[in-house]
Amino acid sequence: MDQDQQLRNLRDFLLVYNRMTEMCFQRCSSNFNYRNLTMDEERCVDNCAGKLIRSNHRLMATYVQLMPRLVQRRMEEMESKAAANMATEASAAAALATTESSPVSETSVTAIPTPQEPPTLPRPLTDDLHRSPTET
């Protein structure tokens, strides 16, 4: 456990302890004429502190039971959000790739020549040599 977490735990404990002390003092202290507590005040403080400590233990037990479920649910939500983000990014990348590649395919389709008549070849020179001057 790191030091920041330990300090937070100590601070939380001290806050709970101070609230309990203040509440029980206000409820149970009535006679300030004596240095020591009277029997009624002592009984009241024991009951008050006992109730608060037991309720705190019950709250902590419930927290310990529910916390793993909450953490699991949060992890599932984060994983589903991450998966959704990945799917969104993938579809955006695919759409970007499609838009980038489409001009290339259009130019390649339009660059294909249309079929025409075959070109006429010139007469071979050898034919001219074998002909007689009267044939031309």
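**A walk through a three-helix chain**

Let's start at Cys-48, which touches Cys-24, Arg-27 and Cys-28 once residues up to four places away in sequence are set aside. Keep in mind as you look around that this is a predicted model.

Those two cysteine partners turn up again when we look for the nonpolar interior. The largest nonpolar core has five residues, and Cys-48 belongs to it together with Met-20, Cys-24, Cys-28 and Ala-49. Helix 1 and helix 2, the latter spanning 39-110, each supply at least two residues of this core. Helix 1 gives the largest share, with three residues.

Now step back to the whole chain. What secondary structure does the protein chain have? You will find three helices and zero strands, and reading along the sequence gives the pattern α-α-α. How many of its residues count as buried? Of the 136 residues in the protein chain, 6% do. The accessible surface comes to about 12700 Å², and carbon and sulfur atoms account for 60% of that area.

Next, follow the chain into the loop between helix 1 and helix 2, where Ser-29 has its place. Is Ser-29 buried or exposed? Its relative accessibility is 19%, and because buried means under 20%, Ser-29 counts as buried. Leaving aside neighbours within four places in sequence, Ser-29 is in contact with Cys-24 and Glu-41. Cys-24 is already familiar as one of the core residues, so let's turn to the other partner.

Glu-41 is found in helix 2. With residues up to four places away in sequence not counted, Glu-41 touches Cys-28, Ser-29, Ser-30, Asn-31 and Asn-36. Among these, Cys-28 is another member of the nonpolar core. What is worth a second look is the charge: Glu-41 is buried yet has no salt bridge. The nearest side chain of opposite charge, Arg-43, is 11 Å away.

Where, then, does Arg-43 find a partner? Its side chain meets that of Asp-40 in a salt bridge, at 3.3 Å from N to O. The structure holds one salt bridge. Asp-40 and Arg-43 both lie in helix 2, three residues apart, which is about one turn of the helix. How accessible are the two partners? Asp-40 has a relative accessible area of 55%, so Asp-40 is exposed. Arg-43, at 48%, is partly exposed.

Finally, look at the outside of the protein for a nonpolar feature. Leu-10, Phe-13, Leu-14 and Tyr-17 make a nonpolar surface patch of about 410 Å². Leu-10 is found in helix 1, which runs over residues 3-28. Why can Leu-10 take part in a surface patch? A patch residue needs over 30% relative accessible area, and Leu-10 qualifies because its value is 45%, which makes Leu-10 partly exposed.

Taken together, helix 1 holds Leu-10 of the surface patch and also gives three residues to the nonpolar core. Helix 2, for its part, carries both partners of the salt bridge, Asp-40 and Arg-43, along with the buried Glu-41.

Definitions and conventions: Residues numbered from 1 in each chain as written. Predicted model: local features only at pLDDT ≥ 70, side-chain atom pairs only at ≥ 80, totals over all residues. Heavy atoms only, no water. Patch = residues over 30% accessible without salt bridge, like charges linked within 9 Å, V, L, I, M, F, W, Y side chains within 5 Å. Areas by Shrake-Rupley, 256 points an atom, 1.4 Å probe, with all protein chains shown as cover. Salt bridge = Lys/Arg side-chain N within 4 Å of Asp/Glu carboxyl O. Helix = DSSP H or I, 4+ residues; strand = E, 2+ residues; numbered from the N terminus. Buried < 20%, exposed > 50% of the residue type's maximum accessible area, 1.4 Å probe, protein only. Core = buried A, V, L, I, M, F, W, Y, C linked by side-chain atoms within 4.5 Å. Contact = heavy atoms within 4.5 Å. Lys, Arg positive; Asp, Glu negative; His and termini not counted.
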